[in-house]
Amino acid sequence: MKRYVFLLLIFITTHTIAQDSFYGVTIDKEGATEIKDALKENNDTHVKLKGEIVSTCAKKGCWMTMKVDDSEEIRVTFKDYGFFVPTEGVEGKTAVIQGDLKKEITDVETLRHFAEDAGKSKKEIAAITEPKEEFSFVATGVIIEN
C-alpha cells in the first residue's frame, strides 16, 4: 500500500508542476534583462528581456504587449510571423523574449490595426489620428513561464 501511495504522490507532483511554454527558436532564461532597464540603456539592439505580459492579439496571437512600468507597455511581434502565442490566458504571466529592440515611429494605420486586433471599439479606433514614437520588439524566441 505504501508503495502505491508513494507512486501516486510522484505522479501527482510531476503532472501538476506547470511547464514553461516555448515559441519560436529555443532560448533560455539566463541573462535576461528587465524591460524597463533595457529601454533606459538601449535604442536598437539584439537583447533578451523579461517582463509581465499585459495582453496578446485576440485574433491569432500574432503580437503581445508587455509591461514596462505602471504607465507604459511595449509591443512584441514575432519574426516573419513565424510563430504565435496564445490568444488568451497568459495575461499577468512572466515572459522571456529574445530578439531586436528598436525605437521607431508607428504610423496611424498600423496603430489602428493593432487596436482592431485588440478588440477596441470603432470609436476608440477612429480616435487614433497621430503616429506614435515607441519602442518595438521583434522576437525570435519566447518563453512564457507557467
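This is a guided tour of the structure, with a suggestion at each stop for what to select next.

Before you start, note that this is a predicted model, in which local features need pLDDT of at least 70, side-chain atom pairs count only at pLDDT 80 or more, and totals for chains, interfaces and linings use all residues. Residues are numbered from 1 along each chain as its sequence is written, and side-chain values use heavy atoms, with hydrogens and water left out.

**Stop 1: the strands around β3**

Select strand β3, residues 45-56. Strands here are DSSP runs of E with at least two residues, helices are runs of H or I with at least four, and both are numbered from the N terminus. Two strands pair if DSSP finds at least two bridges between them.

Now add the partners of β3. Strand β2 (residues 33-34) runs parallel to β3, joined by two bridges; T33 has L49 as its bridge partner in β3. Strand β6 (residues 94-106) is antiparallel to β3, and eight bridges hold this pairing. To find a place in it, pick H46, which stands opposite D100 in β6. Strand β4 is antiparallel to β3 as well, with three bridges.

Follow the chain from β3 into β4 and you pass through a hairpin with six residues between the strands. Stop at G61 in that turn, where phi is positive, about 75°.

**Stop 2: T65**

Next, select T65 in strand β4 (residues 63-67). Across from T65 stands S55 of β3. The two side chains also make a polar contact at 2.7 Å. Such a contact is a pair of N or O atoms within 3.5 Å; within protein, one must be able to donate a hydrogen and the other to accept it, and residues adjacent in sequence count only if both atoms are side-chain atoms.

Is T65 buried or exposed? T65 has a relative accessible area of 5%, so the residue counts as buried. The cut-offs are under 20% for buried, over 50% for exposed and partly exposed in between, with a 1.4 Å probe and protein chains only.

Show the neighbours of T65 too: leaving aside those within four places in sequence, T65 is in contact (heavy atoms within 4.5 Å) with E52, I53, V54, S55, E73, I74 and R75.

**Stop 3: aromatic rings and an arginine**

The structure holds two aromatic pairs. Rings of Phe, Tyr and Trp (its six-membered ring) pair if their centres lie within 6.5 Å; planes under 30 degrees apart count as stacked, over 60 as edge-to-face and the rest as tilted.

Select W63 and F114. Their ring centres are 6.0 Å apart and their planes stand at 65°, so this pair is edge-to-face. The pair links distant parts of the chain, with W63 in β4 and F114 in helix α3 (residues 108-117), 51 residues apart. Both rings belong to buried residues.

Add R75 to the view. R75 lies over the face of W63, at 4.3 Å from the ring centre, and over the face of F114, at 3.8 Å. For this, NZ of Lys or CZ of Arg must be within 6 Å of the ring centre and within 35 degrees of the ring normal.

The other pair is F78 with F83, a tilted arrangement at 4.8 Å centre to centre and 45° between the planes. F78 and F83 are buried.

**Stop 4: E116 on helix α3**

Back in α3, pick E116, which is partly exposed at 44% relative accessibility. Beyond residues up to four places away in sequence, E116 touches K59 and I125. Measure across to C57 as well: the C-alpha atoms are 9.4 Å apart, while 59 residues separate the two in sequence.

**Stop 5: the nonpolar core**

Select M64, I74, F137 and V142, the residues with the most contacts inside the largest nonpolar core, which has 24 residues. Such a core is a set of buried Ala, Val, Leu, Ile, Met, Phe, Trp, Tyr and Cys residues joined through side-chain atoms within 4.5 Å. The elements giving two or more residues are α2 (35-41), β3, β4, β5 (73-78), β6 and β7 (132-144). The largest share, five residues, comes from β7.

**Stop 6: the loop between β5 and β6**

Finish at D80, in the loop between β5 and β6. D80 is not a glycine, yet its phi is positive, about 55°, and D80 is exposed at 68% relative accessible area. Y81 is in that loop as well, with a positive phi near 50°. Y81 is partly exposed, at 48%.
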